[in-house]
Each structure stands twice: as C-alpha cells, then as structure tokens.
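I opened this entry to work through one sheet and one pair of helices, and to write down what I looked up at each step.

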Amino acid sequence: MNAYDPNAAAGVIPDAQLLADEAQYSSFGDTVHYVDPPKIFRHGEGSWMYDTAGVPFLDLQMWYSAVNFGYGNKRLNDTLKRQIDVLPQVASQYLHQTRIELAKTIAVDAQEKFGLKGRVHFNVGGAQAVEDSLKLVRNFKNGKSLMFAFEGGYHGRTLGASSITSSYRYRRRFGHFGERAMFIPFPYPFRRPKGMTPEEYSDACVRQFERLFETEYNGVWDPKVNQAEYAAFYVEPIQGTGGYVIPPKNFFKDLKKVLDKYGILMVVDEIQMGFWRTGKLWSIEHFGVTPDVICFGKALTNGLNPLSGLWAREEMINPEIFPPGSTHSTFNSNPLGTSLGLEVIRMGYELNYEKTVAEKGAHFLDALKDLQKRHKEIGDVDGLGLALRAEICTDDGFTPNKALLDKMVDIGLAGDLEHNGKKIGLVLDVGGWYKNVITFAPSLDITHEEIDLAISLLDQLITKAKKA
C-alpha cells in the first residue's frame, strides 16, 4: 500500500460540495446509497482505495467482483492504453482482431472443458447478456417464454432480467410481470431444515423440483406430447447477491439429470463468479455439469470498459437459427473491451490463478473460521476460492442480525479502525436473503499478509459494532 496525497490532484472539489450537487442533480435510481452520507473515494491501487483525506481502505468486495485483478493493474491498464492509440472504437457492424480472438478463446476453452462446439455473443453489461440469453432461449424453444430460476437468485434489473430475479422489490413499481419465472428452492446449507444433512437437503430440493413433472396436474408437463411449458432454468452456481451461498457438490449434477430428462435448458449466470473468482474460469466447473448457455461480464475487463456476453452451444446460436440482427447494441464487442478481455484470459492462465486463488481462498477461509470461534455472532462461514461468506447473527449464532452488519459497514467506511498507529478503513459488501451476510470478493492478487490484516480489521470491526 502506497501513500496517496489527495492534495496532489488538480481540480479536486471538496466532498461537501460534491454531496450537495449529488443531492440536487443526480438520479438516485441508478445507484445504491448504503451509508448516509455516501462515501467518496479518490484513488485506487491493488486491494486499496483512498478517500479525500488519504485514508487507505482495504477493499474486500472489489466493485461486486468486477475488479478481480486489482485497481490499477499495470498489465491490463497498459493493454487499454495501447488499444486507445490503435483502434479505440469501431461500429459493431464491422470486425476487428480482438473481437474474433476473444470469441475463439472462450469457445475453444469451453469445447475443451464441456466437449461441445459453441459460439460467443457480446454485449456491454451483465443484465444485457442475460437479456440476450432470454432471446436466444425463446428463439431456440419456439417462442416459449417461461423460465425457472432460484429463490435468492439475482440476474439483473432490466425488465427481462428482473422477471427471473427472485426479489419482488425489483419488480414492484414496474407493473405486472406476466412471464415471471417460477422460483425454485435453492439448497442453503446453513439454513437447511432441522434433522437434514446438507446433502439430504439438496436431494429434497431436487425431488421437489422433479415433482412438477410427475403428472399433467403438477403443473408444467404434458405427458401426451412429452413437452414442458418452461424453456430453461437460470442458475447461479454460487448465489451472488443472495449471499455467496454454496450448494452441496452433487446438487447441480442431480438437477441437470432432471433438466435433460424433460428438455429444459440450463443457463448458467457467471457474471459475478466468472474469471477465477472461485479458482476456475467458470464456477460451474466445480460441479461437474455441462451448461447449454453461459452468461458472463464484470471481471472480463477488470471493470475498465463495459463488456459482457454469452457462450452457447452451436445448435442454439449458429447463424441459421440465430441470424444477424437477432440482438444488437452499439457498443457490443467494442475494441477496448475485447482487447482487455483477451488479456484477462491470457493473464489468468499464465499466472495460474486456478492454483493461487485456491491457496489464498483456503487461507482466508481458515482465518474466518478462527475469527468465528472468537465471535459467536458469526453464525456461518464458507467459501470457494476467493468467494467467501460470513453470516452475521445474534448471539444465538443463527438468527439474522442485519442491524449489527449495518453497524459494521458504517464503521468500516468511517475509516476509524487502526493499524500500526494509523487510521485505516474496510470496504465490505452486504448480501444474503436477510441482508446479514458479508460477501467477500477480494482482489485475486490479494496477498497473504493483506488477508491476515483483513481478519484483524474484521475483529476490530465486529468488536466495535457490538459495543456501539
């Protein structure tokens, strides 16, 4: 961590003036104000952000897992700078080299892993990739527009993505969603029914889902023509906004057997977990199933330039069935984004993130388990790679305690924690069904020393919050 001097930056407007202007001129509809007043940051480097006073904040959420490779990553920043001087923009009706290279890289990688030929389709944001996948699925399934999705699942806030996101609050003010998904229980190991093991709970969730196809009167299946009313099941292998809930290892294998039996597509949302967050390029790789579609975004460009997309198997996306103009965005496959995405994938394999993320994740999880022993309010910790969770509860270790976590977030962003006699802050993300889960998504380049510091700061944080 290097010192940041806010006074060295030219044209710095004071925080108070910025907040006053924000209150008067900005829509609040495009952001989330978790704290009052909202925090203003001025600089980022590695795992750190700095406020106007130059106080360093250890960031453990990295822009909702969009900045997997750290703020100011030199290799990626240099890639962006080179591309700006060569071909910064071009209309998406034309082709350029990195667009084709990136599509090939992702498609070849998928073929090696899943044994299926496929193609890659680009857009500019995660929700837009989901929207495109909905078109792709509807087209392939002859216009069927009903989908399955999970309770606790999150796929974005555009109209189509909201219809398959389980939170009613994202739909409430925007009319009736006649094609809203059917939301299926997701096996949440920490909050499983009493008397069940996580594996038994997983089995029960699959059996409950398959019961929908038992007879025509169970709701979604016509046995006379062997046809389902629903086209696809949208899944996050690890629930993101839902609280980094990790299902038992066999869950998706068992679920996929049911989907294949009844002709339901599996669309995997990797927007938050993709690009080595869990130690694999795609988190679904941990679960031993073959998806039909993969949606991706966020960390593909380390947050430097919006780019998202999807991979789909050849039968669904070849030009005969999904012809030119099926979807379109002016900025899709933009050269800045595709050059960055190509470098991200090259870098990930060259630097062996599969190995280093697994090692760092194990270290972080062990440290969280040790912290849990010192604070009974930490009801559950879990993790896969550097996607980790800590569920904050009352002192019974189970009842959700949103109020305590809210205090922790406020204290962390106040920048009044201490390290080596100096002020320091901590950036946390809140998730979970009850908004009581810390969802940890640190930089994949976080050091073991920074992980130890994070645990020390979390110890300070929860101790202060319990006294507040």
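Before listing any sheet order, I fixed the criterion: two strands count as paired if DSSP finds at least two bridges between them. I also note that this is a predicted model.

Entry on the sheet. With that criterion I looked up the strand order and found an open sheet of seven strands, running S4-S12-S11-S10-S9-S5-S6 with mixed pairing. S4 and S6 (182-184) stand at the edges, and each has a single partner strand, so one side of each is left without a neighbour in the sheet. I then checked the twist, and neighbouring strands are turned by 20° against each other on average, with direction ignored.

Entry on S12. I next asked which strands pair with S12 and in what sense. S4 (residues 118-123) pairs with S12 in the antiparallel sense over six bridges, and S11 (residues 293-296) is likewise antiparallel to S12, over four bridges. Going down to single residues, I found that Asn123 has Ser308 as its bridge partner in S12. Gly309 of S12 has Phe122 opposite it, and Phe296 also stands opposite Gly309.

I then looked at how S12 (residues 308-313) is covered, and recorded that six of its six residues are buried. For the burial call I used a relative accessible area under 20%. In a regular strand the side chains alternate between the two faces of the sheet. I therefore sorted the residues by side, with Ser308, Leu310 and Ala312 on one and Gly309, Trp311 and Arg313 on the other, and both faces of S12 are covered.

Entry on the pair of helices. Turning to H3 (residues 74-86) and H10 (residues 335-350), I noted that they pack at an angle of about 150°, with their axes 9 Å apart. Since angles over 145 degrees count as roughly antiparallel, H3 and H10 are therefore roughly antiparallel to each other. The crossing in which H3 passes H10 is right-handed.

I also asked which residues make this contact. From H3 I listed Arg75, Leu76, Thr79, Leu80, Gln83 and Ile84, and from H10 Pro335, Leu336, Ser339, Leu340, Glu343, Val344, Arg346, Met347 and Glu350. Sorted by class, the contact of H3 with H10 holds eight nonpolar, three polar and four charged residues.

Terms used. Residues are numbered from 1 along each chain as its sequence is written. This is a predicted model: local features need pLDDT of at least 70, side-chain atom pairs count only at pLDDT 80 or more; totals for chains, interfaces and linings use all residues. Side-chain values use heavy atoms; hydrogens and water are left out. Axes are lines fitted to C-alpha atoms, for helices over the stretch in contact, and angles run from 0 to 180 degrees between N-to-C directions. Helices (H or I, at least four residues) and strands (E, at least two) are DSSP runs, numbered from the N terminus. Angles under 35 degrees count as roughly parallel, over 145 as roughly antiparallel, 65 to 115 as roughly perpendicular and the rest as oblique. A crossing is left-handed if the near helix is turned anticlockwise from the far one by less than a right angle, and right-handed if clockwise. Contact means heavy atoms within 4.5 Å. Ala, Val, Leu, Ile, Met, Phe, Trp, Tyr, Cys and Pro count as nonpolar, Asp, Glu, Lys and Arg as charged, and the others, Gly among them, as polar. Buried means under 20% relative accessible area, exposed over 50%, partly exposed in between (1.4 Å probe, protein chains only).
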